[in-house]
Amino acid sequence: MGRDETKERPSWDEYFVKITWLVAERSTCVRHHVGAVIVRDKRVLTTGYNGAAAGTQDCLSLGCLRNALNIPSGQRHEMCRAIHAEQNAIIQGGFHGINIKGSTLYCTHSPCVLCAKMIVNAGIKKVVMGIEYPDSTFKELFSEVGIEFSTLQLNNLSIAQVL
């Protein structure tokens, strides 16, 4: 089979945002499937998805505590069993001794303020997200420290039409 010569290759940003949606399929959160990929020099360094700490029961088996307590999205993050996708991607760098300073973080969703603080201290220089949550507190922080950020919504997804 030959290559469809009318089809354009995705840009690097589109390529990595698409990968975040595939990573998100591993999520154990019943509310949102979130995936993150940390990249430098067009190479994937780490990935992460939202889910319970390793070796602990997750929301798929126990149910969602935040739903049970009627906690709105974006509030009371400490009441969640899950570690956020961005946090897991950053943790994987430390766990495996991978330097992520100066990298780009791609994520299915915009970061909460807690993840934004971790992104700043990890030395990540750019964030590209697929969907923006209504909470935009990360923007002021990123602007203050010079982290470039943008939203890249994908129109022609081939990965299960964004879960």
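This is a dialogue on reading the fold, the helix packing and the charged pairs of a predicted model.

Me: Where should I begin with the overall fold, and how many helices and strands are there in the protein?

Reply: Begin with the inventory of elements and then with their order along the chain. This predicted model has six helices and seven strands, and, read from the N terminus, the elements follow the order α-β-β-β-α-α-β-α-β-α-β-α-β. Of the contacts between residues at least 6 apart in sequence, 54% join residues at least 24 apart.

Me: What share of the residues counts as buried, and what do carbon and sulfur atoms supply of the exposed area?

Reply: The protein has 163 residues, of which 37% count as buried. The area that the protein exposes is about 9,600 Å², and carbon and sulfur atoms supply 51% of it.

Me: How should I read the packing of two helices, and at what angle do the axes of H5 and H6 cross?

Reply: Take the approach of the axes, then the angle, then the handedness, and finally the residues that make the contact. Helix H5 (residues 113-122) and helix H6 (residues 137-145) have axes that come within 9 Å and cross at roughly 15°, which makes H5 roughly parallel to H6, since angles under 35 degrees are classed in that way. The crossing in which H5 passes H6 is right-handed. On the H5 side the contact is made by Val113, Ala116, Lys117, Ile119 and Val120, and on the H6 side by Thr137, Phe138, Leu141, Phe142 and Val145.

Me: Is the crossing of H4 past H5 left-handed or right-handed, and which residues meet there?

Reply: The axes of helix H4 (residues 85-96) and H5 come within 9 Å and cross at roughly 25°, and the two helices are therefore roughly parallel to each other. H4 passes H5 in a left-handed crossing, whereas the crossing of H5 past H6 is right-handed. From H4, the residues Glu86, Gln87 and Ile90 meet Leu114, Cys115, Met118, Ile119 and Ala122 of H5. Ile119 thus appears in the contact with H4 and also in the contact with H6.

Me: How do I read a salt bridge, and how many does the structure hold?

Reply: The general idea is that side chains of opposite charge can pair when their charged atoms come close. The structure holds two salt bridges. In one of them, the side chains of Lys126 and Asp13 meet at 3.7 Å, N to O; because Lys126 lies in strand E6 (residues 126-131) and Asp13 in helix H1 (residues 12-24), the pair ties together parts that are 113 residues apart in sequence. Asp13 is partly exposed, with a relative accessible area of 24%. The other joins Glu132 and Lys139 at 2.9 Å, N to O; Glu132 is partly exposed at 32% relative accessibility, and Lys139 is partly exposed at 28%.

Me: Which residues, beyond its neighbours within four places in sequence, are in contact with Glu148, and which with Thr104?

Reply: Glu148, in strand E7 (residues 148-151), is partly exposed at 49% relative accessibility, and its contacts of this kind are Lys125, Lys126 and Val127. The C-alpha atoms of Glu148 and Lys126 are 4.6 Å apart in space, although the two residues are 22 apart in sequence. Thr104, in strand E5 (residues 104-109), counts as buried at 15% relative accessibility, and is in contact with Val37, Ile38, Val39, Ile124, Lys126 and Val128. Lys126 is therefore a residue to follow on screen, because besides its salt bridge with Asp13 Lys126 is in contact with Thr104 and with Glu148.

Conventions. Residues are numbered from 1 along each chain as its sequence is written. This is a predicted model: local features need pLDDT of at least 70, side-chain atom pairs count only at pLDDT 80 or more; totals for chains, interfaces and linings use all residues. Side-chain values use heavy atoms; hydrogens and water are left out. A salt bridge is a side-chain nitrogen of Lys or Arg within 4 Å of a carboxyl oxygen of Asp or Glu. Helices (H or I, at least four residues) and strands (E, at least two) are DSSP runs, numbered from the N terminus. Buried means under 20% relative accessible area, exposed over 50%, partly exposed in between (1.4 Å probe, protein chains only). Contact means heavy atoms within 4.5 Å. Accessible areas come from the Shrake-Rupley method with a 1.4 Å probe; for residues, only the protein chains shown count as cover. Axes are lines fitted to C-alpha atoms, for helices over the stretch in contact, and angles run from 0 to 180 degrees between N-to-C directions. Angles under 35 degrees count as roughly parallel, over 145 as roughly antiparallel, 65 to 115 as roughly perpendicular and the rest as oblique. A crossing is left-handed if the near helix is turned anticlockwise from the far one by less than a right angle, and right-handed if clockwise.
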